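The report below describes a protein chain in terms of its strands, its nonpolar cores and its overall dimensions.

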Amino acid sequence: MSHTNPSSRRSALKLIAAAPMLPLGALSVSSLLSGCATPAAPGTSASIASAPFSSAVFAPMAAPSLSNPAAMATTTVASSLQVTLQDGSTRAYKLAYQPFFITGDRVPDGKGGTVLAGGYVDILNRPIIDKSVPGTERQFFSDCPDGTSLLKLDHPKVAGIKGKAVFAVVQFEYANADQGGADTYGTLPSPIAVLTLDQNQTTGALTLVKYHSVDTSEAQGLWITCGSSLSPWNTHLSSEEYEPDAPFVADNKVFKAFSKNTFGDASVANPYHYGHMPEVTVNPDGTGTLVKHYCMGRISHELVQVMPDNRTVLMGDDYTNSGLFMFVADKEKTLSAGTLYVAKLGSGFSINPGDAGARLSWIKLGHATSAEIEKMASKLKPSDIMTVLKADPNDTSFTKVFYNGAANWIKLMPGMEKAAAFLETHRYAYLMGGSMGFSKMEGTTVNIKDKVAYSALQNIQDSMVKTGKGWNAASGIALDKALVAGGVMALPMTGGQVDQSGSAIKSEWVPTVMRALLMGEDIAPDALGNLANPDKVSNPDNLKFSEKLRTLFIGEDSGTHVNNFVWAYNVDTRQLSRLMSMPSGAEATGLGVVDDLNGWMYITSNFQHPGDWNPKLHGKVQATLDPLVRANYKDRFGAAVGYLTAEATGIKLG
């Protein structure tokens, strides 16, 4: 064991200050110091190497198989992080997964009592009870935790903290089914919670000390909250996915059930109040305050990314016939007013990573404040904004568009351009000439150093393929064949851009090209049942980027991998490493990367709906894995919220 005097220790601390650190004894300052030890002569103590952090790479794990069914039925981590310092010395750390809780657990409420993790409440914050099986009535809780933001505040005021208080905001997308087995997707108002965590200053370990359910009543409740991101000003940017189709909401049984569960009346909920961008501010006492921004487009929001200017927001759109949208706020760190744009693809769209890609131009859809659009949402009916038909009226005053894979014929009412832009965004963006031909454009993130954004295409089919539903030549996307496994696109950004009218776009972070970065590979079913190459990314969803590690993290929502994975892709070496495997049938969600939180690095990761079996995909494994998944996760009603951490490993100094 090596020893150092205080002055040399302080010098070493300065030298390694730029190094990322993982919790639980892995990349703490003390372990990095010992890890920097150079070989010493026999009988002498090793000295501290005068070398700062240089780089880190992930060593991948193999995909689990039926040779170890238990590994397929839970979160499995067999990867490691290898750190290199500038003197060439290295150290490797095994990774591990640490959950904060499994949904359905009773967790501390910070007041001496407990609360149900992921529990559903109505607009009056009363528990919503699952009565589907007489005699087993209980409060609904989610098996689908999703977006998570990990953050700290300057002056937290939470009792019971022994180390330092940090916070996580966690949202719950939906509940898969009730106890009777009936589908409950989208029928319950999405909960969102603030977790107060006690950060051990020796190990970096995080312990849950308080769970606070955020009151969403002022925002009329939340609809299907999916991916999320942390804003540069330290707030949680949520999402509302698959906006209810307002002109045809009378036929929407799911939305009526949502209204009944939320308000006690199937006719109360207004579809124009959903499909927007919620933002949560964490308070020093571990509570949270929520506001819903109505001026960022009513689209299928999925994991938006705010650029370093604190104004430009790039937004994926998880829909068929979706678009790439951008919002430029009027003021920094304020999303309550700004200008909404949709992208127009030039020629050359390709999913071949070797191709140059397509140029992007931008169409201004409108400028608005959240307050004025919320007022419109509350008073306007769909027919006040536009007439929407599902059959051709043979009337030239109507325009044919495609909406979620189906043909619509629309006619805008006079003077309703702003209302259409912000409340019927998909149809209006199509009408204005936007490229509305993507299929499930999901997570978005940014590589600040290279000024490149990344967007996940969860699959590449339907409206992207010339023979697919919703395909339209005007989108600029005309693939000959689907790629169900999907891929990740890269979008270089710059300033000095103008919109289609020639007006300046007031941002230095405007995407100008869309090119393929990383693609999956469809295959015939393999011995395990995989429909996509298990050694490549398939159906990417969550994306996050680490500036220090120069690494793009990718979480899968795969209907083609028997187990979904979390991956790390180094943008310099182009090495793709599998970090983690989810329980079979579960989607990887809640991905987040914080390079430095009180000196520690964290990778958050959740999963949802374990054991959600698809016979075509899971037919070879279901019989073996189903009882194991049920035993691990509350008969498949529970799912984990947690983070990737590290275990201390032996050090070889010679």
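## Strands, cores and overall dimensions

Strand β33 is joined by 7 bridges to strand β34 (residues 600–608), and the two run antiparallel; strands pair if DSSP finds at least two bridges between them, while helices (H or I, at least four residues) and strands (E, at least two) are DSSP runs numbered from the N terminus. This is a predicted model, in which local features need pLDDT of at least 70 and side-chain atom pairs count only at pLDDT 80 or more, whereas totals for chains, interfaces and linings use all residues. Residues are numbered from 1 along each chain as its sequence is written, and side-chain values use heavy atoms, with hydrogens and water left out.

Within the same pair of strands, E587 has Q608 in β34 as its bridge partner, and the hairpin has 2 residues between its strands, with N598 taking a positive phi near 55 degrees. Of the 11 residues of β33 (residues 587–597), 10 are buried, so this strand is largely enclosed by the rest of the structure; buried means under 20% relative accessible area, with a 1.4 Å probe and protein chains only.

An open sheet of 4 strands follows the order β8-β9-β10-β11 with antiparallel pairing. Its edges are β8 (145–151) and β11 (206–213), each of which has a single partner strand, so one side of each is left without a neighbour in the sheet. Inside this sheet, β9 (residues 164–172) and β10 (residues 192–199) pair in the antiparallel sense over 8 bridges, and Q171 stands opposite I192 in β10.

A nonpolar core is a set of buried Ala, Val, Leu, Ile, Met, Phe, Trp, Tyr and Cys residues joined through side-chain atoms within 4.5 Å. Two such cores are listed here.

| Core | Size | Residues, among them |
|---|---|---|
| Largest | 45 residues | M315, F325 and L365 |
| Second, separate | 40 residues | F53, M580, L591 and A639 |

In the largest core, M315, F325 and L365 have the most contacts, a contact meaning heavy atoms within 4.5 Å. Not counting residues up to four places away in sequence, L365 touches several residues, including F325, L340, Y341 and A421.

Taken as a whole, the protein comes to 10 helices and 35 strands, and buried residues make up 59% of its 654 residues. Its C-alpha atoms fill a box of roughly 95 × 60 × 55 Å, taken along the principal axes. Among contacts between residues at least 6 apart in sequence, 64% join residues at least 24 apart.

Conventions. Buried means under 20% relative accessible area, exposed over 50%, partly exposed in between (1.4 Å probe, protein chains only).
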